[in-house]
Amino acid sequence: MNRLGVIVAALIPVASAHASDLVVPNGYDSTDGNGIFVGPLTSTPRTYQLLIHADELTSLVGAEISGISWRIPASAIADFPVTDGSYGSYDIYLSGSVDPSMRSLTFIDNVVGPQTMVRSGPLNIPAGSYTFGNSPNAFGPVITFNTPWTYTGGNLLVELRHTGSNMTSRSVDAVTASSGPGSGYGVFFSGAWASSYTAVTGSQGNFSIIRFQATGGVCRADLSGSSDPNDPAYGVPDGNLDSADFFYFLDQFVGGNVAVADLSGSSDPNDPGYGVPDGTLDAADFFYFLDQFVAGCP
């Protein structure tokens, strides 16, 4: 649909239930990382923690996370694995997390609140599951959770413990710890690892680019339950996309309300700045909202 067709679509309520798959760090959907890390797909036992700031996860609030996936780096020269392989145990835990800037090398000190085992047991990886030849490469198969986990907000900790595999080790696409705060490492995300399934302490690690498989969550185009500024529902999301959201966004955009209307740094879906607020209100925010409104989801 042409973006201007949203004026017609605005008159038709649209359900806000949708897939909320998310790549972290944000902006790496179509951009390679600047490094690699062998933890998630190494052949020897590992403990690996990924600490993620809440600002990276806004579209997942209220979503049910059901799995994660990795991708091999652009430097890969072959699909992985060569033959079918498996891990004896590939266990994943989710919980709240300390701020990534406060990461400890004692694993338990990074856990906030209850830690939930969302996946346990063997993991089979069919030959050629992780493909090469693109930049970035496609994400590999989803590692599905035994128990989906609802993200309610705040910093997130992903803890992986596996016993090693019968395959050769394979690095995954990552953002290096040495790239520092300018890359977001140590601010919006950080990592720690150890070469043991049962480790209690470890070392600083690169951050493996991760994709969460999720459903539901916050629809960023669901902004208002009314187009009347005198109505208490004005500016209150109501679970439906309709003309109220459209006109509310226009009001906020024209009024210069950066907190609400700053949605995107680019109007190009293939640009890493697409869907990433940049502190400026311009045409990118307007067209991003139209795209999301027509699609019915963030």
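Two strands pair if DSSP finds at least two bridges between them. The exercises below apply this to a predicted model.

**Exercise 1. The three-strand sheet**

Find the strand order of the open sheet of three strands, and say which strands stand at the edges.

Solution.
- Step 1. The order is β3-β12-β15, and the pairing is antiparallel.
- Step 2. β3 (35-37) and β15 (207-208) each have a single partner strand, so they stand at the edges, and one side of each lacks a neighbour in the sheet.
- Step 3. Check one pair against the cut-off: pairing needs at least two bridges. β12 and β15 are joined by two bridges and run antiparallel.
- Step 4. Locate a residue pair: Ala174 lies opposite Ser208 in β15.

**Exercise 2. The six-strand sheet**

Give the order of the open sheet of six strands, then examine how β4 pairs with β13.

Solution.
- Step 1. Read the order: β8-β7-β11-β4-β13-β14, with antiparallel pairing.
- Step 2. Look at the edges. β8 (111-119) and β14 (203-204) have a single partner strand each, so one side of each is left without a neighbour in the sheet.
- Step 3. Turn to β4 (residues 46-52) and β13 (residues 189-194). Six bridges hold this antiparallel pair.
- Step 4. Pick out one bridge: Thr47 has Ala194 in β13 as its partner.

**Exercise 3. Strand β5 and its partners**

Work out how β5 pairs with β16 and β10, and why it is largely enclosed.

Solution.
- Step 1. With β16 (residues 210-216), β5 forms six bridges in the antiparallel sense. Ser69 faces Arg211 in β16.
- Step 2. With β10 (residues 143-150), β5 forms four bridges, again antiparallel. Ile68 is opposite Ile143 in β10.
- Step 3. Now burial. Six of the seven residues of β5 are buried, so the rest of the structure largely encloses this strand.

**Exercise 4. Salt bridges**

Count the salt bridges, name the residues and state whether they are buried or exposed.

Solution.
- Step 1. Apply the cut-off: a side-chain nitrogen of Lys or Arg within 4 Å of a carboxyl oxygen of Asp or Glu. The count is two.
- Step 2. Arg71 and Asp173 form one, at 2.9 Å from N to O. Arg71 sits in the loop between β5 (63-69) and β6 (85-87), while Asp173 is in β12 (residues 172-175); the two are 102 residues apart, so this pair links distant parts of the chain.
- Step 3. Arg161 and Glu159 form a salt bridge at 2.8 Å, N to O.
- Step 4. Check burial. Arg71 and Asp173 are buried. Arg161 and Glu159 are both buried.

Conventions:
Residues are numbered from 1 along each chain as its sequence is written. This is a predicted model: local features need pLDDT of at least 70, side-chain atom pairs count only at pLDDT 80 or more; totals for chains, interfaces and linings use all residues. Side-chain values use heavy atoms; hydrogens and water are left out. Buried means under 20% relative accessible area, exposed over 50%, partly exposed in between (1.4 Å probe, protein chains only).
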